[in-house]
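Me: I have a structure open beside its sequence and would like to go through it by question and answer. Could you reason each reply through and finish on the value or name I ask for?

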Amino acid sequence: MRRSLWRHRDFMLVWLGQSASMFGSTVSFIALPLIGVLLLELSAFEMGLVATASTVPGVLLSPFSGTIVDRVDRRRLMIGADLGRALLIVSIPLATLFGVLSMAQLIVVGGGLAVLTRLFNLAHMTFLPSVVEEESLADGNSKLEASQSVADVSGPGAAGLLVTAVGPAVTVLVDAGSYVVSAVSLARVRFSSAASAAVKPRGRSLKGFWRDTVTGFRLMWTDEVLRSISVSYASLALFAQIQMVVYMLFLVRNLHFPPIVIGLVFALSGVVGFGAALLGGRLAGTLGVGRLLVLGQGAMVAGGVLLASVAGSTVQAAGTMLVAEAFFAIGMSFWGVGSRTLFQIRTADEVRGRVIGASGVLTGVLVACSGLLGGALGSAFGLRTALVIGAVGMLLSLALVLRRRVWMVHLDKTKVGQA
């Protein structure tokens, strides 16, 4: 009989830590860009430069991150990443206090966060199957997505209020505190730490490390389902990020939205995402993870198209933005539950980190390029044009996944990389 996750102590600790971290991250999602816009008064191109430069360290690491995760104690890696991220975030209000905050520091902090978040997220995806049974993975991923939606509801609204009251630099301290909560929660998980270090690598030499890394890419690329999902999502991420680079600038400078309005719109859209996340685990069982993935990607594309059409009075623009963000919230919930569950079940434990890591490399490279591209498009042709280009590209990414018929995928007992 399947064990209820509500009575699963280790899962509840993992869930608590992740929920706190998600809330802090949504606060920073609003506050960090506003540090560049309000405190440093960066231009569209400079914002794009910060976004691009911040992703470079993570991109350079990404081909090898899966092998690293497979070769170390995953729980200890996550705890270290949480504490490292907290220190990076704390440096921002300290620099502001002493009057030395600069664009260069935003790049360094962003780059460090990208590396540590990459390692944490990948370790977490490979770690969860060690905590809960395979038949409970969709339920666990659904609960985690629900937490993300709750964070989307409460975090941006709190960020808007805090930025208005104490400024964006102080507001990011909420994120630092959330990482500490996550680290403490993970440290209290009681099961044997050996369970979080699933791989027994074939030697510790550099040659063995390289061989393991190449194996992850080969396994991901030769599996048609994993390859199709990876390519289509990378394409979606490229054009969605083009939109996001200029999004805050567009809201502040073109539509003249104050921070409190931006925060409230994100918060309200998160209510819809919460409902979608609660349904995610159930839909994965009834529709199948393939159909859930396609449905999620279609909803995200609809959100991108609506964002490109935001116009009119403040009320009209806020209404369109709210609907667009609601579609994004639904899409991210469905995609998150479906993709994580599929990768966790379809890959063998001993290669899971490498395969999932390889899947994210293309996305990381394209997102790195999209930051600079979005800033350049916004500066050369206007912020609206950059939003439209992003929407058109997202439509093309949906065509890719539909062509591959990903919705027809079935999960079976044969795992990629199984000996």
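Reply: Certainly; please start with how far the coordinates can be trusted.

Me: In which helix of the chain is confidence lowest, and in which is it highest?
Reply: This is a predicted model, and its chain averages a pLDDT of 81, with 92% of the residues scoring at least 70. Between the helices, the mean falls to its lowest value, 75, in helix 10, while the highest, 92, belongs to residues 74–97, that is, to helix 3.

Me: Over which residues does pLDDT stay under 50?
Reply: For the stretch in question the model still has 23 contacts beyond four places in sequence. Those contacts go with a pLDDT that stays under 50 throughout, and the stretch is residues 192–202.

Me: Which element gives the largest share of the lining of the largest pocket?
Reply: The largest pocket holds about 270 Å³ of space, and two elements, helix 5 (137–166) and helix 10 (259–286), each give two or more residues to its lining. Among the 13 lining residues, Asp-139, Ser-142, Lys-143, Leu-278 and Gly-281 lie nearest the centre of the pocket. The largest share, 6 residues, comes from helix 5.

Me: How many residues of that lining are charged?
Reply: The lining of the largest pocket is made of 13 residues. Divided by type, 5 of them are nonpolar and 3 are polar, and the number that are charged is 5.

Me: How far apart are the end C-alpha atoms of helix 11?
Reply: Helix 11 covers residues 289–308, and because a helix is expected to span 1.5 Å a residue, its 20 residues should span 28 Å. Of those residues 14 are buried, so that helix 11 is mostly covered. The distance between its end C-alpha atoms agrees with the expected span, at 29 Å.

Me: Is Glu-41 buried or exposed?
Reply: Glu-41 sits in the loop between helix 1 (9–39) and helix 2 (44–71), and its phi is near 55°, a positive value in a residue other than glycine. Most residues other than glycine have a negative phi. Because its relative accessibility is 64%, and the cut-off lies at over 50%, Glu-41 counts as exposed.

Me: What is the phi of His-256 near?
Reply: His-256 has its place in the loop between helix 9 (224–254) and helix 10, where it is exposed, with a relative accessible area of 60%. Its phi is positive although the residue is not glycine, with a value near 60°.

Me: What is the relative accessible area of Phe-98?
Reply: Phe-98 lies in the loop between helix 3 and helix 4 (103–131). Its C-alpha is 19 Å from that of Ala-176, a residue 78 places away in sequence. Phe-98 is exposed because its relative accessible area is over 50%, at 64%.

Me: How far is Gly-24 from Gly-155 in space, C-alpha to C-alpha?
Reply: Gly-24 is found in helix 1 and counts as buried, at 0% relative accessibility. Leaving aside neighbours within four places in sequence, Gly-24 is in contact with Val-174, Asp-175 and Ser-178. Gly-24 and Gly-155 are 131 residues apart in sequence, yet their C-alpha separation is 6.9 Å.

Me: Is Ser-21 buried or exposed?
Reply: Ser-21 belongs to helix 1, and beyond its neighbours within four places in sequence it is in contact with Arg-85, Asp-175, Ser-178, Tyr-179 and Ser-182. Because its relative accessible area is 6%, under the 20% cut-off, Ser-21 is buried.

Me: What separation do the C-alpha atoms of Ser-235 and Leu-398 have?
Reply: Ser-235, in helix 9, is buried, with a relative accessible area of 13%. Not counting residues up to four places away in sequence, Ser-235 touches Leu-366, Gly-393, Ser-397 and Leu-400. Although Ser-235 and Leu-398 are 163 residues apart along the chain, their C-alpha atoms are separated by 8.8 Å.

Me: What distance separates the C-alpha atoms of Leu-383 and Arg-227?
Reply: Leu-383 lies in helix 14 (residues 383–403) and counts as buried, at 11% relative accessibility. Apart from neighbours within four places in sequence, its contacts include Ala-44, Val-246 and Phe-250. Arg-227 is 156 residues from Leu-383 along the chain, and the distance between their C-alpha atoms is 33 Å.

Definitions and conventions. Residues numbered from 1 in each chain as written. Predicted model: local features only at pLDDT ≥ 70, side-chain atom pairs only at ≥ 80, totals over all residues. Heavy atoms only, no water. 1 Å grid on protein atoms, 1.4 Å probe; cavity = no way out; pocket = protein on both sides within 12 Å on 5 of 7 lines; lining within 4 Å. Points joined across faces, edges and corners; volume = space filled by probe spheres on them. Helix = DSSP H or I, 4+ residues; strand = E, 2+ residues; numbered from the N terminus. Nonpolar A, V, L, I, M, F, W, Y, C, P; charged D, E, K, R; others polar. pLDDT = per-residue confidence, 0-100. Contact = heavy atoms within 4.5 Å. Expected span 1.5 Å × (residues − 1). Buried < 20%, exposed > 50% of the residue type's maximum accessible area, 1.4 Å probe, protein only.
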